[in-house]
Amino acid sequence: MFGNPVAVVHDADSITDDDMAAFARWTNLSETTFLLPPTDERADYRLRIFTPGGELPFAGHPTLGSARAWLAAGGSPRESGMLVQECGAGLVRIRQDGDRLAFAAPPLVREGPVDIAVMAQVTRALGIDPDLIEAANWVDNGPGWIGLLLLGAEDVLELTPDFELLGSLAVGVMGPYDTDEGGLPTYETRAFVPGLSVPEDPVTGSLAAGFATWLIGDGLAPDRYLVRQGTRLDRRGRIHVQRDGEIWIGGDSVIGVSGEVAL
């Protein structure tokens, strides 16, 4: 009720691509996933991830939610405490830290400065004063993210995007709070993906991973911090970010509804 739901379909190897896409449109959630046998012997399972607008090679909160569902259905990883997911982005490792799951941030497929024309489109669509942008970078690990670091969390919360102007761009914005939460430096994040029929995503692990890869790597954020997301949507998303050898993106997940579906 407080984060970002994902519908997870087990035993999906007999479902066609068209039926997967149709079911994702029907659920109308940010993502709907399908669990299949792996094709890579190093993986524990294979995952396909759909939004109402199409398939993604990788997404964060569906990765954690699907891992939780796979474990709850009796899945047993080859390596104790570490799951390996096969998806469009390759192999993604997911570690168990008590009840919390965390995935290793996948490498960026596009990084570096955002060109002037694209930045002009983004600032117009967000209605933002460019002086509020501390830094901007491509942080694309599959969904196509552009990341903007703003001066403060309130600047993030005040944004009212024009989704028509944003078009097919996937844009994430992030800004720091003056105070910590739970003893951790804390940031507010928002994710805008109108091109995939998700105008604003409540909680976005792939964006958190992209931001962390950029910001921690460039010394713009500490090795451990907390991300708040979904505040403007009355959601209580919390993402735990930590560099521990590599960057891990973690979150708490629960199974809220279970049953059968005819496809």
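1. Arg 95 and its two partners. Arg 95 lies over the face of Trp 248, at 4.4 Å from the ring centre. This is a predicted model. The side chain of Arg 95 also meets that of Asp 244 in a salt bridge, 3.4 Å from N to O. Asp 244 belongs to strand β15 (residues 237-244) and Arg 95 to strand β6 (residues 90-97), so far as sequence goes 149 residues apart: the pair links distant parts of the chain. Arg 95 is buried, because its relative accessible area is 18% and the limit for buried is under 20%. Asp 244 is partly exposed, at 41%.

2. A second arginine over a ring. The charged end of Arg 110 sits over the ring of Trp 138. The distance to the ring centre is 3.7 Å.

3. Strand β15 and Glu 181. A search of the whole structure finds 12 salt bridges. One of them joins the side chains of Glu 181 and Arg 238, at 2.8 Å from N to O. Glu 181 lies in the loop between β11 (170-176) and β12 (186-193), while Arg 238 is in strand β15, so the pair ties together parts that are 57 residues apart in sequence. Glu 181 is partly exposed, with a relative accessible area of 28%. Arg 238 also counts as partly exposed, at 24%. The contact is part of a wider set: Glu 181, Glu 188, Arg 228 and Arg 238 are linked in a network of salt bridges.

4. Strand β15 and Asp 223. Arg 243 meets Asp 223 in a salt bridge through their side chains, at 2.9 Å from N to O. Asp 223 sits in the loop between α6 (205-217) and β14 (224-229), and Arg 243 in strand β15. The two are 20 residues apart, and the pair links distant parts of the chain. Asp 223 counts as partly exposed, at 38% relative accessibility. For Arg 243 the value is 38%, again partly exposed.

5. Aromatic pairs. The structure holds 8 aromatic pairs. The rings of Phe 23 and Trp 26 are stacked, because their centres are 5.6 Å apart and their planes meet at 20°, under the 30 degrees that stacking allows. Both residues lie in helix α1 (residues 17-27), 3 residues apart, about one turn of the helix. An α-helix has 3.6 residues a turn, so residues three or four places apart point the same way. Burial separates the two: Phe 23 is buried at 10% relative accessible area, whereas Trp 26 is exposed at 67%.

6. The strand pair and the cluster. Phe 34 and Phe 50 form an edge-to-face pair, 5.7 Å centre to centre with 90° between the planes. Phe 34 is in strand β2 (residues 31-36) and Phe 50 in strand β3 (residues 45-51), 16 residues apart. Both of these Phe residues are buried. Ring pairs link Phe 23, Trp 26, Phe 34 and Phe 50 into a cluster.

7. Helix α2. The geometry checks out: the 13 residues of helix α2 (residues 60-72) should span 18 Å at 1.5 Å a residue, and the end C-alpha atoms are 19 Å apart, which agrees. The helix is mostly covered, with 12 of its 13 residues buried. The buried residues include His 61, Arg 68 and Trp 70. Just after α2, Gly 74 takes a positive phi of about 105°.

Note on methods. Residues numbered from 1 in each chain as written. Predicted model: local features only at pLDDT ≥ 70, side-chain atom pairs only at ≥ 80, totals over all residues. Heavy atoms only, no water. Phe/Tyr/Trp six-rings, centres within 6.5 Å; stacked < 30°, edge-to-face > 60°. Helix = DSSP H or I, 4+ residues; strand = E, 2+ residues; numbered from the N terminus. Buried < 20%, exposed > 50% of the residue type's maximum accessible area, 1.4 Å probe, protein only. Lys NZ or Arg CZ within 6 Å of the ring centre and 35° of its normal. Expected span 1.5 Å × (residues − 1). Salt bridge = Lys/Arg side-chain N within 4 Å of Asp/Glu carboxyl O.
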